[in-house]
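User: I would like to go through this model with you, one question at a time. Please show the sequence and structure before we begin.

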Amino acid sequence: MTPQIIHFDSLPSTNSEAARQALAGAAEGLCIVAAEQTAGRGRLERRWVSPKNAGLYCSVLLRPAFEQSGWTLVPLMAAIAVHEALQRACDVVGDIKWPNDILIAGKKVCGILAETVETPSGRALVLGIGINLNNDAFPAELATATSIEAETGTKPNSELILHELLGGITRHYAQLSDAGGKNEIVSEWCARSSYCNNKHVRVTEGCKSFTGTTRGIEPDGALRVETETGEMRIVRAADVSTLRSQD
Ligand code: BTN
């Protein structure tokens with residue numbers, strides 16, 4: 001993947017713009033960056049608040065040539081790349097909450113939204129990444145969010161983060177096409193996430209939820225959770241949150 005960055009002052013959503021350009025034939029590696037988003041989107045139909053220069057809002061266009069079964073690992077691969085970029089560019093070691101939220105000190109600093117797009121030249125994938133640079137990036141009442149500036153006490157260099165991020169995506173995305181690379185991505189994800197094993201969690205799927213303990217990642221990136229009755233459940237699309245001891 002060869003990154004090609006296009007900066008915008010303001011967009012409804014960088015994911016929508018990347019999808020639009022994908023439909024028009026844009027090549028893999030296109031990276032749309034906006035200083036603000038007026039209709040930023042999050043996972044599970046949520047909104048992603050995106051005030052001007054408060055966050056890094058970007059979307060990378062991928063056209064994976066590997067089999068569709070490997071595509072579910074792309075969001076985990078992206079989480080590894082963000083985790084690594086924050087370490088390199090901001091000297092901060094975060095955590096990855098399944099499947100691809102980046103946390104610092106237990107609070108969310110980055111979210112990733114992967115969306116598929118059917119284009120005339122085949123199915124493509126838009127990888128949208130939002131990183132909170134300062135506390136203006138999220139509503140003040142959101143106690144579960146944080147920013148790079150709040151956690152490091154230093155104004156982050158968003159160009160450097162983007163540079164490291166695109167370097168990481170380029171390297172780790174290539175791994176997904178290599179023999180054995182998918183297993184390496186799963187191992188790398190686990191090495192960077194406290195959620196991989198032995199985490200007591202609540203899993204919420206729509207209006208249903210259950211609790212259990214995490215027992216690793218399936219080869220396709222799904223989370224294994226063992227319930228209190230010893231049943232092993234495989235979680236593919238859900239919200240996972242840590243349980244405190246009194247829960
Ligand atoms: C989440 O819900 O955790 C995912 C949030 C993803 C937000 C990013 S910001 C850049 C890109 N454009 C969007 O509209 N959403 C993603």
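User: How many salt bridges does the structure hold?

Analyst: This is a predicted model in which local features need pLDDT of at least 70 and side-chain atom pairs count only at pLDDT 80 or more, while totals for chains, interfaces and linings use all residues. Residues are numbered from 1 along each chain as its sequence is written, and side-chain values use heavy atoms, with hydrogens and water left out. Taking a salt bridge as a side-chain nitrogen of Lys or Arg within 4 Å of a carboxyl oxygen of Asp or Glu, the number held by the structure is 16.

User: How far apart along helix α1 are R20 and E17, and at what N to O distance do their side chains meet?

Analyst: Helices here are DSSP runs of H or I with at least four residues, and strands are runs of E with at least two, numbered from the N terminus. R20 and E17 are three residues apart in helix α1, so about one helical turn separates them. Their side chains meet in a salt bridge with an N to O distance of 2.9 Å.

User: Which polar backbone atom or side chains make polar contacts with the ligand, and how much of the ligand does the protein bury?

Analyst: A polar contact is a pair of N or O atoms within 3.5 Å; within protein, one must be able to donate a hydrogen and the other to accept it, and residues adjacent in sequence count only if both atoms are side-chain atoms. An N or O atom in the side chain of S13 lies 2.8 Å from a ligand oxygen, one in the side chain of T14 lies 3.1 Å from a ligand nitrogen, and a polar backbone atom of R41 lies 2.7 Å from a ligand nitrogen. By the Shrake-Rupley method with a 1.4 Å probe, where for residues only the protein chains shown count as cover, the ligand taken alone exposes 410 Å², and the share of that buried by the protein is 98%.

User: Which element gives the most residues to the shell around the ligand?

Analyst: The elements that give two or more residues to this shell are α1 (14-23), β3 (55-62), β6 (107-119) and β7 (122-132). The one that gives the most, with four residues, is β6.

User: Where is the cis peptide bond from W98 to P99 found?

Analyst: Most residues other than glycine have a negative phi, and most peptide bonds are trans. The bond from W98 to P99 is cis, with omega near -5°. P99 is found in the loop between β4 (95-97) and β5 (101-104).
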